[in-house]
Every structure is written in structure tokens, then in C-alpha cells.
Amino acid sequence: MDALCRAESRPRRPAAASPLPWARFSAWLDCVCVVTFDLELGQAMELVYPYDFRLTEKEKTSICYLSFPDSYSGGLGDTQFSFRLRQSGGQRTTHYEDDGEYNREAPLTLQRESAHYFGYVYFRQVKDSSMKRGYFQKSLVLVSRLPYVNLFQSLLQLIAPEYFDKLEPCLEAVCNEIDQWPPPVPGQTLNLPVMGVVIQVRIPSRVDKPGSSPVKQFNQENLLPAPLVLPSIHELDLFRCFQPVLIHIQMLWELMLLGEPIVVMAPSPTVSSEMVLALTSCLAPLRYCCDYRPYFTIHDSEFKEYTTRTQAPPNIVVGVTNPFFIKTLQHWPHILRVGELKMSGDLPKQVKVKKLAKLKTLDTKPGIYTSYKTSLHKDKTLIKRLLKGIQRKRPSEVQSALLRRHLLELTQSFIIPLEHYIASLMPLQRAITPWKNPPQIRPFCQEDFMKTLEHAGPQLTCVLKGDWLGLYRRFFKSPNFDGWYRQRHREMTQKLEALHLEAICEANIVAWMKDKSEVEIVDLVLKLREKLVRARCQHIPVKEETLQRVSLYIETIIGSLPEDLQAVLHHH
């Protein structure tokens, strides 16, 4: 009998345990899946927990295929990797009631996804003579909308080995523990108990200074045994991930900035997913606004969409391990082929940039297959510093911090001129008057922006020479510019709305009403009410006391009107 069917017949967890069963669990995870290998069916979903969580059939099929390394890369032992999956079947109700507060306070790069799931996988393949195929093959998968790769992979290291030994009761106990965790609140340090261990993490906040190093040790009073402190919930070991491509870091940063289609071909899902996630993180604090798949298989529902030759490849970074993709994706403009990542005492062999025509099936050597010419020159100083670090046996996390700092400064040098220019499009505060609609934000004019670069361009903060103007022109055509501009425009519109509400609060409402007709006064009441509703629904950054003063103004205005009108407005 199918494990899911067996699960349905069991008693459910009593609802009295919390106001909403699984509400706290759902703040972190959507569900936990167990995928096994069935001789007749291939990969099959053995279990979904909580039992009442509903995945569509399409999602179940995709999770099954994405949870196993394909036959080209599956060795014996334990493997950990990640995938990202497009949600199918429309909006889903969740036990976790989030009004968007987390996304408003979290960094843009750590937002809760609305249309995708992340899958964090722990796969075990060991010889087992009691199984028909002679092997035990199973994956434990954490499905979440949060990109906390470090936290969830660390959690899997604790629970997966135990689960493979003790099976279902162990999983149920772990999920009940997670359902006691406090929710992830940006800016807070949390203690998360699981299986006798306390994982200590800090949830990054939007107000954190970019590049500030996370606090290594936190308050540990009364915590015995000492907690497992994760320095970061999401940052990968960049130095290890980028080892074979360190001398091409400039090119990869540019390709990511421009949202170019990239295929990462790797020997295993671990290397593939780490490389894709490292690439998408290298633009921080700028959000990478294109699609990305850390691990992708030929069974994926988007396979045809990505491999068609009738249209240009989509703006996506896709990680693959099956050599078949060399043939099906050879029309893509940028292909990064990497080998196994090995940490050694020397700088690993650096891959070469090669022409796409040299992409041969199956026996393709590591390299970056592209005809892209970088806009900026290489940063030789960075390479020298990293080389010196290798010679001095500097720890990998220190090398990673150097690399992350370099990428952060590069992104900031590129973005700061854009930030300065867009701030100049905001109307002056003195132009905001209480009884008129706030003035519009002026449109973004690319040519006007380009003129500002001569005196306030990236050369002020970055030593790298090259064609910065050409890079900006290409950036304007990318989804990353579109995403950045929409986000900034939305924030500026909300700021204008907040300033307008403050201007209304400081105005003399009684003096304004003296020579106004009833129609004008009623119109003002309706407009102010609409503003209040919008301010609360859209979480405009305005003080609560300002909103209360506007409410009092409305009452004052209504009180000055004839009783019949008062009744209509109160009813309205």
C-alpha cells in the first residue's frame, strides 16, 4: 500500500496544539518529502509530511526526478544538493499567514518566493543485499520558499542519517520540533532546537550594512550543549565554488549582471547546484531577477521550453549533469563546463575561454564556451591576493570573504550612479502640498543618466578600467534593470505618499474648509479615506500617529457637515 495512503488512515495531529496546526512549521518549510526508487515505477514519492499538504501531480513528478542524481553522476554514499521548481496549479493556501512583513524587512536576495519552491536534498545510495536491485536508494527532501541553503542543508545533515535508520517516527518528531520554532524575523538571532542540538542563526535584515560580517558567536547563556552556530543561513563557500573559474570572475559577474542565458555543466548535482547558487549570489545586494535552476533534468516540465531552437534561449542560469544537454543546449550563448571541485593546496587548474564551435558531445573538456567579450578589464590584484592566500594556506572562509567583498564593491560601483540618478527624479519636498495630488516622479531617461557618468560614474569608486558606458547600455536591456527600476519606483511612490500624508497632518484643516462647498468637502473625505486604506494595505512607511491624525481630521470634517450628510458618510 502506498505510503501516502497509509498516512491518510493515521490519526491527525490534534488541532489544539496551536491556533493553526503547522503554522510555525510553515513559516520555514512547506513540506518534507521522501523519494525512493521503485523497480517498476523508477523514482516514486513515498511520503509527504504534513500529510494534509497537497502537491500537484506535476510537482510530485518533478520533485521525484529532481531528488535523485541522474545515472551519469550517482556514486555510492551520501550526496547533498539543491533544486528550484516552478509552482504549478495556481496560488496555494498555506498554514503560515504572512501579510508580507517578512519580505518587507528581509534583503531582496532573501525574499520568500511566491511562485517557486526550493528543494534541499539529502540522497543516500548504499549497497543493500536485501533490496531487489542490491542498493538502498532514498532521498529526504525539504521543500521551502526560503533560499536558506546553508540552514536547510545543515538541518539535513542532522536529520537525514537518523531518518534513514529509524524512518517515519523520527521524521514526525523532527517536524513537530520545527513546529515549535519561532518564525524567521529579519534582524533576529534565533535558537532552533532539533534532535537534541540547538542551531543558532541570525536572519539577515534589509537594514544590515552590505558586506558586514555576520556575528560569529551570540548570547549562549543557558544553552547546554553549546549551540551549532551557523555564520550565515545562505552564503556558500564562494572560493570553493568558483575555484576553477577565479581568473574569469569578471566575465561571469558581467554575464549575470546582464541576465544572459548560461548553462552550467557539472559532474554532479552538488557541483551544479552550488555553482548556480554561487553565480546568482554574486550580484548582491542587487537582486538577480531572472530565472535559475540549480539542478535540471531532461524529465523537467520546462525541458522543451528551454531546449527549443525556434526562439532565443530564455534569461536563465541552468545547472545540468546529463551529457545529453551538450547536444540539446549547444545553441545557448554561454556554456560553463566544470569538473569535480577539489580543495587542494594550489590554485586549481583554471578553465579556458573557448569558442562555442569547440563544444563536442560527451567528451567536452572543462571551459567557458562563449564568444562574449568583457566590457571591463580583469582585476589582477584580486587574483594575486587569492594566490597569496593559497600559498599561505589561508582558510577558505577568509578567501571567500575576499572574493565576496570584491564582488560587492564591483556591484556597488555599478549601482551607486544609478541610485544617485533615480533619487534626483524624486519631486522636491516643497512641491508636495496637502490639498493637491502629490507630483509625479520624473521618467528615467537613459541618455540623461549617461551624461551624469562623466562626473559621477563608477570610476570614482572602482579602479577597473573598461567600457562602463557599453555595460550600462546592455544592462538597460536586461531583466535585472527592469526589476531594480520597478522596485525603486515602488519605494519612491510610497515615500511620496507618506510625505503627502504628513503634509496633510500639518495643514490647517479648519481654515481650508471655510470657503469650500459641501461637494468639495465630501470629496476630500472620500479621498482621505482612500489614502488611509491604501496606506494600511500597501504598508506605506508612515508613523501610526500620522494615520490616527488623518482619521481624526476625517471625523472633524464630517462633524462640520449637515446631519443628513454625516449619516450618509458614516454609513459609507
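Which residues of α19 are buried? Let's start there, and thanks for coming, everyone.

A quick word on the model first. It is a predicted one, where local features need pLDDT of at least 70 and side-chain atom pairs count only at pLDDT 80 or more, while totals for chains, interfaces and linings use all residues. Residues are numbered from 1 along each chain as its sequence is written, and side-chain values use heavy atoms, with hydrogens and water left out.

So, the helix. Helices here are DSSP runs of H or I with at least four residues, numbered from the N terminus. The buried residues of α19, meaning those under 20% relative accessible area with a 1.4 Å probe and protein chains only, are T546, L547, V550, Y553, I554, I557 and I558. They cover an arc of only 130° around the axis, taking directions from the helix axis to the C-beta atoms, which puts them on the same side of α19. That fits a general rule: an α-helix has 3.6 residues a turn, so residues three or four places apart point the same way. On the face turned away from that buried side, α19 carries E545 and L552, which are exposed, that is, over 50%.

What about the span of α19? With 16 residues, 544-559, at 1.5 Å a residue (times one less than the number of residues), helix α19 should span 22 Å, and its end C-alpha atoms are 23 Å apart, which agrees.

Now to the aromatics. The structure holds 34 aromatic pairs, counting rings of Phe, Tyr and Trp (its six-membered ring) whose centres lie within 6.5 Å. One of them is F449 with Y472, at 5.1 Å centre to centre and 75° between the planes, so edge-to-face, a label for planes over 60 degrees apart. F449 belongs to helix α14 (residues 446-456) and Y472 to helix α15 (residues 468-475), so this pair ties together parts that are 23 residues apart in sequence. Both F449 and Y472 are buried. Ring pairs also link these two into a cluster whose members include W253, F414, F481 and W484.

Last, the empty space. A whole-structure search finds 2 cavities of 30 Å³ or more; a cavity is a set of points on a 1 Å grid over the protein atoms alone where a 1.4 Å probe fits but cannot get out, and lining residues have an atom within 4 Å of a point. The largest has a volume of about 40 Å³, the space filled by probe spheres set on the points. Among its lining residues are L246, K378, D379 and H406. The second largest cavity has a volume of about 30 Å³, and its lining includes E305, Y306, H331 and W332.

Happy to take questions!

Definitions and conventions: Helices (H or I, at least four residues) and strands (E, at least two) are DSSP runs, numbered from the N terminus. On a 1 Å grid over the protein atoms alone, a cavity is a set of points where a 1.4 Å probe fits but cannot get out, and a pocket is an open set with protein on both sides within 12 Å along at least five of seven lines; lining residues have an atom within 4 Å of a point. Rings of Phe, Tyr and Trp (its six-membered ring) pair if their centres lie within 6.5 Å; planes under 30 degrees apart count as stacked, over 60 as edge-to-face and the rest as tilted.
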